[in-house]
Amino acid sequence: MSRLELRTVPLAQTRPLRRDVLRPYMTVEELAEHEPDDAVAYGVFDDDELIAVGLVGPEGEPGDWRVRGMATTPEARGRGAGTKVLQALVQHATAHGATRIWCNARTRALPLYERAGFSATSEEFETPRIGPHYRMELRADRDPAQQREPAPQRDPVPRSEA
Ligand SMILES: CC(C)(COP(=O)(O)OP(=O)(O)OC[C@H]1O[C@@H](n2cnc3c(N)ncnc32)[C@H](O)[C@@H]1OP(=O)(O)O)[C@@H](O)C(=O)NCCC(=O)NCCS
């Protein structure tokens, strides 16, 4: 049985997969021009075939890091490779001082990010040629358990005392 293996990968190695899945209307060279210089990439390999990738790097206010370029080959989806990549990107950003990790998530991918602790912080918006998105954020300076639960409610006043 094949085993999914997570590794850091050079940005250049992620480009063909990202282009095919995310930006089929661009050349690999055009895709490279839109990459931040300081981004780091992780990939998941299945028997040495690169099947999933994603990038993370500082972008925005101090402490803000952005996840982008998440892509899994169509045949390999739904096996947890994207989740492995996303967890590695979050861990990398957190280990390097991120206090807020954000992304523009395609609407179809919302559950993937929610399971990793992200929450939507915008209304749904349309990106030309790509489709509907939400901005999502994970506060890396908070306990992950607190991010998914609403603030604790005060005990209700007992009826007899109301
Ligand atoms: C999003 C994506 C990277 C997830 O990779 P994966 O290896 O399938 O991820 P996992 O198996 O860990 O998780 C599956 C989750 O991926 C998301 N997903 C599945 N198919 C998807 C698709 N065609 N497009 C977008 N997201 C998808 C869903 O959230 C799914 O969870 P659900 O089954 O509960 O709905 C992959 O589906 C993909 O490349 N999609 C197309 C490009 C894309 O949308 N990238 C994300 C941009 S924000």
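The exercises below, each with a worked solution, concern a predicted model of a chain with a ligand.

**Exercise 1. Establish how the chain is built and where the model deserves caution.**

Begin with the inventory: the chain has five helices and eight strands, and read from the N terminus these follow the order β-α-α-β-β-β-α-β-α-β-β-β-α. Next, consider burial and contacts: 27% of the 162 residues are buried, and of the contacts between residues at least 6 apart in sequence, 59% join residues at least 24 apart. Finally, turn to confidence: the mean pLDDT of the chain is 89, with 86% of residues at 70 or more, but over residues 149–162 the pLDDT stays under 50, and there the model has one contact beyond four places in sequence. Where pLDDT is low, predicted coordinates should not be read in detail.

**Exercise 2. Describe the largest nonpolar core and the part that helix 3 plays in it.**

The core has 31 residues, and those touching the most other members are Val-85, Leu-89, Ala-93 and Ile-101. At least two core residues come from each of strand 2 (40–46), strand 3 (49–58), strand 4, helix 3, strand 5 and strand 8 (131–139), while the largest share, seven residues, is supplied by helix 3. In soluble globular proteins, nonpolar side chains tend to be buried together.

To follow one member outward, take Val-85: leaving out residues up to four places away in sequence, Val-85 touches Tyr-42, Gly-43, Val-44, Ala-52, Val-53, Gly-54 and Met-70. The buried residues of helix 3 are Ala-81, Gly-82, Val-85, Leu-86, Ala-88, Leu-89, Val-90 and Ala-93. An α-helix has 3.6 residues a turn, so residues three or four places apart point the same way.

**Exercise 3. Check the length of helix 3 against the expected span, and say what follows the helix.**

Helix 3 has 15 residues, and because a rise of 1.5 Å a residue predicts a span of 21 Å, the 21 Å between its end C-alpha atoms agrees with expectation. Just after helix 3, Gly-97 adopts a positive phi of about 100°.

**Exercise 4. Which elements and residues surround the ligand?**

The shell around the ligand holds 19 residues, of which Thr-72, Arg-77, Gly-82, Thr-83 and Ala-109 come nearest. By element, helix 1 (11–22), strand 4 (64–72), helix 3 (81–95), strand 5 (100–106) and helix 4 (110–115) each contribute at least two residues. By residue class, the shell divides into 10 nonpolar, five polar and four charged.

**Exercise 5. Place Ala-116 in the fold, and decide whether Ala-116 is buried, partly exposed or exposed.**

Ala-116 sits in the loop between helix 4 and strand 6 (119–120). Ala-116 has 18 other C-beta atoms within 10 Å, and is therefore partly exposed, since a buried residue would need 20 or more. Beyond its neighbours within four places in sequence, Ala-116 is in contact with Thr-83, Leu-86, Gln-87 and Val-90; of these, Thr-83 is 33 residues away in sequence, with 7.6 Å between the two C-alpha atoms.

**Exercise 6. Compare the settings of Asp-48 and Arg-129, each of which has a positive phi.**

Most residues other than glycine have a negative phi. Phi of Asp-48 is nevertheless near 70°, and that of Arg-129 is about 70°. Asp-48 lies in the loop between strand 2 and strand 3, whereas Arg-129 lies in the loop between strand 7 (125–127) and strand 8. Asp-48 is exposed, because 6 other C-beta atoms lie within 10 Å, and Arg-129 is exposed because 8 do, the limit for an exposed residue being 12 or fewer.

Terms used: Residues numbered from 1 in each chain as written. Predicted model: local features only at pLDDT ≥ 70, side-chain atom pairs only at ≥ 80, totals over all residues. Near = placed C-beta within 6 Å. Helix = DSSP H or I, 4+ residues; strand = E, 2+ residues; numbered from the N terminus. Nonpolar A, V, L, I, M, F, W, Y, C, P; charged D, E, K, R; others polar. Core = buried A, V, L, I, M, F, W, Y, C linked by C-beta atoms within 7 Å. Contact = placed C-beta atoms within 7 Å. Expected span 1.5 Å × (residues − 1). pLDDT = per-residue confidence, 0-100.
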